[in-house]
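Hello,

Here is the structure I promised to hand over, with some notes on what turned up in it. Please have a look at it first and then read on.

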Amino acid sequence: ALLPAFAFAALGYRSHRVLPWIVAVTWLLYAAYEFAMAQRLLCSGECNIRVDLLVIYPVLLVLSLAASATAFRAGRAAI
């Protein structure tokens, strides 16, 4: 989760858009959440069935696609 966070931060820096920065922070928050789950801070011990990911993954996907499209359009406008 840290790799997409850094990638979107780079996109935000290069495109001067806000949405890639928001997505980078979202990926960082997700990385912290997964770390806490792995350390068993947020679950009681039975974390095998992760229903929360049915909501988290689509949200991350939609945000990532939107930020990528925004940065791509900003890059094409600069050309």
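**What was found**

The chain holds 3 helices and 0 strands. Read from the N terminus, its elements run α-α-α. Please keep in mind that this is a predicted model. The mean pLDDT of the chain is 89, and 94% of the residues score at least 70. Confidence is highest in α2, with a mean of 95, and lowest in α3, with a mean of 87.

**Overall shape**

Let me begin with the chain as a whole. Its radius of gyration is 15 Å, whereas a compact globule of 79 residues would have one near 12 Å. Along the principal axes, the C-alpha atoms fill a box of roughly 50 × 20 × 15 Å. Of the 79 residues, 29% are buried. The accessible surface comes to about 5700 Å², and carbon and sulfur atoms account for 71% of that. As for contacts with a separation of 6 or more, 49% of them join residues that are 24 or more positions apart.

**From α1 into α2**

A good place to start looking is S15, which lies in helix α1. Is S15 buried or exposed? S15 counts as buried, because its relative accessibility is 15% and the cut-off for buried is under 20%. A polar atom of the S15 side chain lies 2.7 Å from the backbone oxygen of L11. Leaving aside residues up to four places away in sequence, S15 touches P20, A71 and A74.

Next comes H16, in the loop between α1 (2–15) and α2. H16 is not a glycine, yet its phi is positive, at about 60°. With a relative accessible area of 70%, H16 is exposed, since anything over 50% falls in that class.

**Helix α2**

Helix α2 covers residues 19–38. How far apart are its end C-alpha atoms? They are 28 Å apart, and this agrees with the expected span: at 1.5 Å a residue, the 20 residues of the helix should also span 28 Å. The buried residues of α2 are P20, V23, A24, W27, Y30, A31, A36 and M37. It may help to recall that an α-helix has 3.6 residues a turn, so residues three or four places apart point the same way.

L19 is also part of helix α2. At 25% relative accessibility, L19 counts as partly exposed, because that class lies between the 20% and 50% cut-offs. Which residues does L19 touch, not counting those up to four places away in sequence? They are A66, A67 and T70. By contrast, 23 Å separates the C-alpha atoms of L19 and L54, which are 35 residues apart along the chain.

**The loop between α2 and α3**

After α2 comes R40, with a positive phi near 60°. R40 lies in the loop between α2 and α3, and, like H16 earlier on, R40 has this positive phi although it is not a glycine. With a relative accessible area of 45%, R40 is partly exposed.

R50 lies in that loop too, between α2 and α3 (53–78). What does the side chain of R50 make a polar contact with? The partner is the side chain of D52, at 3.1 Å. R50 also touches Y33, E34 and M37, again not counting residues up to four places away in sequence. One of these, M37, is among the buried residues of α2.

**Helix α3**

L65 is found in helix α3. Its relative accessible area is 55%, so L65 is exposed. L65 and P20 are 45 residues apart along the chain, and their C-alpha atoms are separated by 9.9 Å. P20 has come up before: P20 is one of the buried residues of α2, and S15 touches it.

**Where to look first**

If you have only a few minutes, I would start with two spots. One is S15, with P20, A71 and A74 as its contacts. The other is R50, with its polar contact to D52 and its contacts with Y33, E34 and M37.

Enjoy exploring, and do write back with any questions.

Best wishes

Notes:
Residues numbered from 1 in each chain as written. Predicted model: local features only at pLDDT ≥ 70, side-chain atom pairs only at ≥ 80, totals over all residues. Heavy atoms only, no water. Helix = DSSP H or I, 4+ residues; strand = E, 2+ residues; numbered from the N terminus. Expected span 1.5 Å × (residues − 1). Buried < 20%, exposed > 50% of the residue type's maximum accessible area, 1.4 Å probe, protein only. Contact = heavy atoms within 4.5 Å. Polar contact = N/O pair within 3.5 Å; in protein donor to acceptor, adjacent residues only side chain to side chain. pLDDT = per-residue confidence, 0-100. Rg over C-alpha atoms; globule rule 2.2 N^0.38 Å. Areas by Shrake-Rupley, 256 points an atom, 1.4 Å probe, with all protein chains shown as cover.
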